[in-house]
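Q: Could you take a close look at one part of this model with me? I would like to follow a single helix and its surroundings.

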Amino acid sequence: MAWGILQDTKMEQVPGTAAMNDQSDIPREYDQVPHEILKHGTGRLSHVILVPQPTDSPNDPLNWSLWKKDGILLIVGFSAAVVGAFGPMLSPGFVQIAGELNISVNTLAQATAWLILTIGLSLFITQPFAKVYGRRPVFIVAIIVMFATSVWGALAKDYNSFLASRVVSGFGMSPYEVLVQCTIGDMYFVHQRATRIALWNLFLLCGITGGSLVSGYIIEDIGWKWTFGICAILFGVFMFLVVFFVPETAYIREPVTARYHHESPKAVSESEKPDQNPTEKEVSSSGTPPQTVAPTSTPTEPKDPYLRTLKFTTGKRYTDAPFWKILIRPVVIFWYPAVLWAFLIYGTTLTWIVVFSVVNASIFTLPPYNFSVSEVGLISLSPFVMTIIGEVIAGPLNDFICLYLAKKNHGIYEPEFRLVLMVPVFILGIVGFFGFGASVHYQTHWIGPVLTFGLANMSMAFANGCVFGYVIDSYEDLSEEAFVAINARNLLTFGLTYFVNDWLLKDKVLKVFNVLGGVFIGVTLLTVPLWVFGKKLRGMVARNEALTKFMKD
């Protein structure tokens with residue numbers, strides 16, 4: 001027992017538990033191949049065995065140059081940032097926009113709720129499609145939808161047209177909830193991925209928090225429709241970049257044992273599939289394609305010409321699993337204890353933070369604050385800065401704690417070590433949610449609610465590393481399906497944002513945020529039993545043969 005984590009006595013090797021005395025992210029099937037003939041990194045990373053093992057094909061995304069990989073990531077990352085801003089960008093001007101459309105503020109907030117619901121439901125379609133047919137067609141369709149709905153929103157003449165544009169845009173936004181992470185898994189080796197995942201997360205969160213910062217001035221100076229107009233311009237640029245500079249990143253690789261003339265395992269290793277997500281036990285990044293002297297069993301295929309990479313789809317299937325099974329897997333994995341915990345933590349924390357953007361205009365445009373629309377937008381400067389600070393601190397600190405605890409645990413790493421940083425999540429969330437309600441209720445100086453708004457967002461930055469790190473380490477082979485299940489939190493967000501303004505009007509801000517804070521405490525405390533029983537629960541799931549068979553291709 002390590003620090004209260006109960007051992008699983010019925011299973012020798014519990015999924016997620018790893019020995020870190022050697023390179024800990026080497027898949028077991030690599031042991032069937034002499035490590036000296038496996039491909040390694042170069043330079044100061046020459047000791048690192050590359051995972052996944054790349055083929056010799058120049059069309060393998062793992063063999064692309066680092067500048068090409070990072071260029072693709074920047075295109076989809078900046079797209080994700082604008083997508084993140086697209087949802088809450090109208091929040092500073094809710095009162096003004098509601099007046100122009102002759103509707104109530106709550107009705108306008110419900111338009112955002114319907115948008116969130118569309119995102120949550122369409123995830124269950126876009127992710128399986130991308131898993132079967134590739135990422136490129138989904139990215140292209142998504143960016144076209146975002147461009148079209150931005151133009152539509154800018155030209156909307158009434159609320160019904162405005163609402164329809166918001167609902168349809170959810171189909172374009174949903175791939176950026178999951179698919180960017182999958183693309184990172186396609187292109188980068190395990191030891192390169194953590195930094196890129198953090199960069200994508202920074203893009204998305206800064207878009208969400210920074211969008212309102214800019215949109216407040218746009219709404220006040222040139223009108224709310226120009227928020228859609230500027231998004232249309234940006235998405236038009238991204239549409240060009242995606243079509244011409246984001247090729248298909250999914251790729252089918254033979255198992256390592258087959259490539260090196262060893263006996264092939266019964267099934268293709270999950271670690272060799274293109275949709276694998278990273279563990280966070282990184283070493284560093286390497287910008288040079290790997291070199292090796294090892295023989296391979298497959299002749300090198302010719303490099304695809306540039307024009308061929310512009311095809312809408314490659315025409316290949318990237319998994320042998322039937323489409324219906326891929327559709328159902330996120331629903332099944334939702335009930336895995338680790339994933340259910342992640343959904344509750346991520347869902348409640350992020351939903352409560354969305355509530356801020358929905359109610360801020362109703363609170364700060366009235367006495368005693370009397371903020372203008374642009375000043376309401378400036379409130380987002382606090383979460384913007386706090387999110388960046390939180391991301392910068394949380395990632396390295398999380399990895400340091402995991403390595404330290406593993407060293408103290410005789411070199412044995414447990415995914416539960418990721419949960420230690422739930423302590424600052426707990427503290428920051430309590431201060432943020434309860435503090436915001438109290439400071440607004442007692443009419444403190446504006447710095448009180450603005451600062452606590454930022455602290456609540458900082459708690460989210462810390463929570464992300466705990467939630468996604470724990471799920472990836474526990475169910476690495478199923479992390480893509482797990483991310484879809486976790487992002488079903490959009491259904492929770494829809495439910496609360498749909499009626500929160502009416503609730504606020506009835507019960508006032510102190511009671512509303514006391515309830516939100518109380519629920520946050522209850523959900524966060526579920527981390528304690530997960531710390532104690534998490535390893536036994538992982539073992540219990542792994543021993544269910546029928547479930548394991550269903551969840552594998």
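How many residues does helix H19 have, and how far does H19 reach from its first C-alpha to its last?

A: Happy to! A note on the ground rules comes before the helix. This is a predicted model, in which local features need pLDDT of at least 70 and side-chain atom pairs count only at pLDDT 80 or more, while totals for chains, interfaces and linings use all residues. Residues are numbered from 1 along each chain as its sequence is written, and side-chain values use heavy atoms, with hydrogens and water left out.

Helix H19 (helices are DSSP runs of H or I, at least four residues, numbered from the N terminus) covers residues 527–542. H19 has 16 residues and reaches 21 Å from its first C-alpha to its last, close to the 22 Å expected at 1.5 Å a residue (the expected span is 1.5 Å times one less than the number of residues). At phenylalanine 533, H19 bends by about 65° (the angle between axes fitted to the seven residues ending there and the seven starting there).

Among the buried residues of H19 are Leu530, Trp531, Lys535 and Val541 (buried means under 20% relative accessible area, with a 1.4 Å probe and protein chains only). The cover over the buried residues of H19 includes helices H12, H15, H16, H18 and H20.

Lysine 535 deserves a closer look: its relative accessible area is 7%, so this residue counts as buried. Its side chain makes a polar contact of 2.7 Å with that of glutamine 7 (a pair of N or O atoms within 3.5 Å, one able to donate a hydrogen and the other to accept it; residues adjacent in sequence count only if both atoms are side-chain atoms). Leaving aside neighbours within four places in sequence, the contacts of lysine 535 include Asp8, Glu414 and Glu416 (contact means heavy atoms within 4.5 Å).

Key: Helices (H or I, at least four residues) and strands (E, at least two) are DSSP runs, numbered from the N terminus. Buried means under 20% relative accessible area, exposed over 50%, partly exposed in between (1.4 Å probe, protein chains only).
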